[in-house]
Amino acid sequence: MNSRQRVKMALNHQEPDRIPFDLGGTVLTSIHVHAYRNLRRYLGLPDKEVEVMDVFQQIAVIDDDMRQKLGCDGRNVAPRSSATFKIVVDEDSMPGYRFFQDEWGISWRMPKDGGFYYDMFQHPFANSASIDDIKHFPWPDPVDPARFTTLKESARHVAEDLGEAVILGGLSAGFVELAAWTRGFARFYPDLVTNLEWMTYLMDTIIDLKLAYWEVALPLVGEYADVVQEADDLAGQFGLLISPETYRKVIKPRHKKIMDFIKARTDAKIFFHSCGAIREIIPDMIEIGIDIINPVQVSAVGMESSALKRDFGKEMTFWGGLVDTQGVFTTGTTDEVREEVRRRIDDFGAGGGFIAATVHNIQANVPPENIMALWETLQEYGSYGPGGVSQRADDYVPAARHDKPVKVSSSPDALPAQMLTPEAAAAQVAEEEFYPDLFLDMQDAIIDGRRAEAVVAGEQALADGYAPQAVISDGIVPAMTIVGERFESAEFFLPEMMAAALAARGILELLRPRLVASHAEPVGRVVIGTVKGDLHDIGKNLVAMMFEGAGFEVIDLGPDVPADKFIAAINEHKPGLVGLSALLTTTAPMMRTIINALQAAGVRDRVKVLVGGAAISEEFADEIGADGYAPDAGAAVRKAKALLAMTA
Ligand code: B1M
């Protein structure tokens with residue numbers, strides 16, 4: 001049986017000779033160049049120039065010697081750039097960074113010193129307000145013949161000469177991702193609430209380009225294509241990024257259009273990548289024809305492997321999920337990796353429908369010993385023969401399980417409304433009744449994300465003689481408290497929360513000159529940033545917005561912030577609290593570096609340090625000497641108030 005047959009059987013939910021293994025078959029199942037070099041050295045493979053498969057993620061093309069050693073079963077066959085576009089990395093124009101612009105007009109940069117990835121920093125539609133901007137944008141040509149010159153021959157070579165599965169790449173990322181990348185995340189999510197017509201026009205324009213590409217690529221590659229790749233990140237660690245309703249109303253019909261288009265032109269299976277906690281919409285994905293999900297982020301809420309297999313294993317293939325780079329794969333011992341891999345084989349393996357791959361690309365800091373522990377365990381336990389996955393001996397002891405407890409709310413210390421005592425509820429009602437209509441209207445406008453109306457209500461309040469502080473305490477704070485509670489109880493998702501925060505910010509901008517003129521002191525002052533090397537700022541922005549909504553002055557240093565910037569901001573703004581955010585296991589250690597630098601600069605004792613982000617835990621916060629940890633934005637404000645000894 002060759003690799004292609006093996007993968008095909010697994011995709012048809014049959015058991016081949018062994019579980020197929022993927023490393024480098026897609027740009028989402030590969031390995032960072034640093035880790036790849038280490039692995040080559042560890043395995044005694046000759047040193048060589050590593051070819052980069054995806055510039056942004058800095059992942060490696062897996063060389064043939066490595067592929068043979070590990071027995072990789074599928075290969076990526078991807079379109080080339082159009083004739084008119086070539087990535088040109090500029091080494092000189094931006095001090096400290098290398099940067100380039102991609103063919104969608106998005107600018108990316110990577111720190112020269114110690115950077116692991118290219119991060120986007122400029123978005124072509126960041127300031128766009130009109131549909132004409134979308135119409136007149138110089139979009140990439142999806143059917144430029146240059147893209148297709150080698151596509152068919154590469155696919156044929158992989159399928160016929162090498163006998164491996166052909167995984168056909170699409171035109172760049174998914175339409176949701178490209179909409180977010182060209183608009184910028186900070187505007188993309190609120191647009192889903194407040195600017196939907198413009199946003200769907202952008203999405204539909206991108207979809208047309210993607211379909212035009214598939215229209216040429218699929219007949220060209222023909223029967224060589226075994227798997228066709230699409231993607232869109234729809235979830236984070238704790239749940240969907242957008243509500244299931246918005247997904248079903250806005251995103252799902254568009255995904256269906258793409259899947260129908262693909263299915264009408266190929267028998268290949270559709271591989272769909274979405275990070276995070278997507279369990280709630282897996283039935284929708286099955287319904288619209290998605291055959292394979294990736295990366296199967298088993299550490300995210302609701303993504304427990306045995307339950308996924310039990311509930312969706314007949315229709316859905318799991319491509320990934322073997323071990324999570326967020327957990328033991330990076331920080332655990334080889335024994336822990338073995339146990340984890342064996343457990344996922346136990347859960348996902350039976351009956352086919354499983355392609356073994358790590359959860360997302362192997363990150364730069366994963367030790368080669370752990371990669372080989374994964375691989376050896378797969379060899380040992382991944383066979384479908386006698387004693388293998390479905391034929392274990394009677395004395396086989398299943399692997400241990402170390403699942404994190406599943407949280408239904410993103411905040412363990414959140415107080416859902418129904419837990420209010422009768423006295424507290426009565427007090428709340430009394431308080432609500434106390435607000436004049438104007439403030440109730442203002443609160444409603446904020447909660448609904450109606451920025452213009454929120455600002456009008458703010459102007460009216462000032463015209464009626466209310467002090468700016470009253471607008472904050474009676475308008476913004478109660479509204480944002482409700483918004484925070486709804487986010488924690490999964491009633492609100494990113495679009496609603498960010499739209500509300502932008503409405504609140506509109507009023508704050510109105511108030512700011514008056515607050516400055518009256519020398520009014522804010523509730524507290526916070527300096528916040530995502531640590532150096534880390535671009536993820538959606539969560540940090542929410543935390544910053546919740547602080548603003550609670551009456552704090554926020555100095556937001558943005559993403560990718562080194563220690564010296566935090567120190568300078570402490571000296572300049574004299575905050576009571578410094579907030580550090582990190583989403584990556586490769587950047588979490590930067591928090592320790594920053595805390596040590598604050599100590600060395602003599603400013604550590606002047607501030608409380610609060611840390612958070614998907615890569616962070618309470619134990620880690622203690623270990624690095626932070627003062628506090630918060631799992632989400634609402635909890636961050638409560639924790640900050642406690643640390644600064646204010647009433648919650
Ligand atoms: Co990336 N990414 N990403 N990503 N991304 C993750 C984090 C990942 C877990 C995906 C996965 O493996 N399935 C993975 C990390 C794995 C690891 O660490 N081992 C990962 C990776 C590998 C990467 C790249 C390397 C490659 C890639 O494309 N996947 C690359 C790295 C870039 C870089 O940072 N230098 C990368 C890039 C990107 C995008 C640019 C595409 C985009 C980020 C856009 C942006 O932020 N401007 C992105 C996204 C969107 C994600 C996922 C899908 C979602 C993150 C998110 O926004 N969640 C994520 C999957 C996941 O989380 N499981 C993933 C929503 C947000 C509201 O939650 O940020 O957790 P979160 O914030 C919460 C809490 O954590 C907390 O409150 C917030 C609100 O409740 N919180 C704090 C946050 N900061 C706090 C600070 C506090 C207190 C609480 O006090 C100060």
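The lining of the largest cavity sorts into 8 nonpolar, 2 polar and 1 charged residues. That cavity belongs to a predicted model. It holds about 70 Å³ of space.

Which residues line the largest cavity? Phe21, Asp22, Leu23 and Thr29 contribute, together with Leu70. From further along the sequence come Ala357, Thr358, Ile362, Ile371, Leu374 and Trp375. Helix H14, residues 368-381, supplies the largest share of this lining, with 3 residues.

How can such empty space be found? Rolling a probe the size of a water molecule over the atoms reveals where space is left empty. Counting cavities of 30 Å³ or more gives 2.

The second largest cavity encloses about 50 Å³. Its lining has 8 nonpolar residues, no polar ones and 1 charged. Val176, Phe188, Tyr189 and Leu192 are among the lining residues. Asp233, Leu234, Leu241, Ile242 and Ile251 also line the second largest cavity. Here the largest share comes from helix H7, residues 185-194, again as 3 residues.

Now turn to a single residue, Ser305. Ser305 sits in helix H11, which covers residues 305-312. Is Ser305 buried or exposed? Its relative accessible area is 0%. Buried means under 20%, so Ser305 counts as buried.

What does Ser305 touch, beyond its neighbours within four places in sequence? Its contacts are Val298, Arg343, Arg344, Asp347 and Phe348. With Arg343 there is also a polar contact, made between the two side chains at 3.5 Å.

Terms used: Residues numbered from 1 in each chain as written. Predicted model: local features only at pLDDT ≥ 70, side-chain atom pairs only at ≥ 80, totals over all residues. Heavy atoms only, no water. 1 Å grid on protein atoms, 1.4 Å probe; cavity = no way out; pocket = protein on both sides within 12 Å on 5 of 7 lines; lining within 4 Å. Points joined across faces, edges and corners; volume = space filled by probe spheres on them. Helix = DSSP H or I, 4+ residues; strand = E, 2+ residues; numbered from the N terminus. Nonpolar A, V, L, I, M, F, W, Y, C, P; charged D, E, K, R; others polar. Buried < 20%, exposed > 50% of the residue type's maximum accessible area, 1.4 Å probe, protein only. Polar contact = N/O pair within 3.5 Å; in protein donor to acceptor, adjacent residues only side chain to side chain. Contact = heavy atoms within 4.5 Å.
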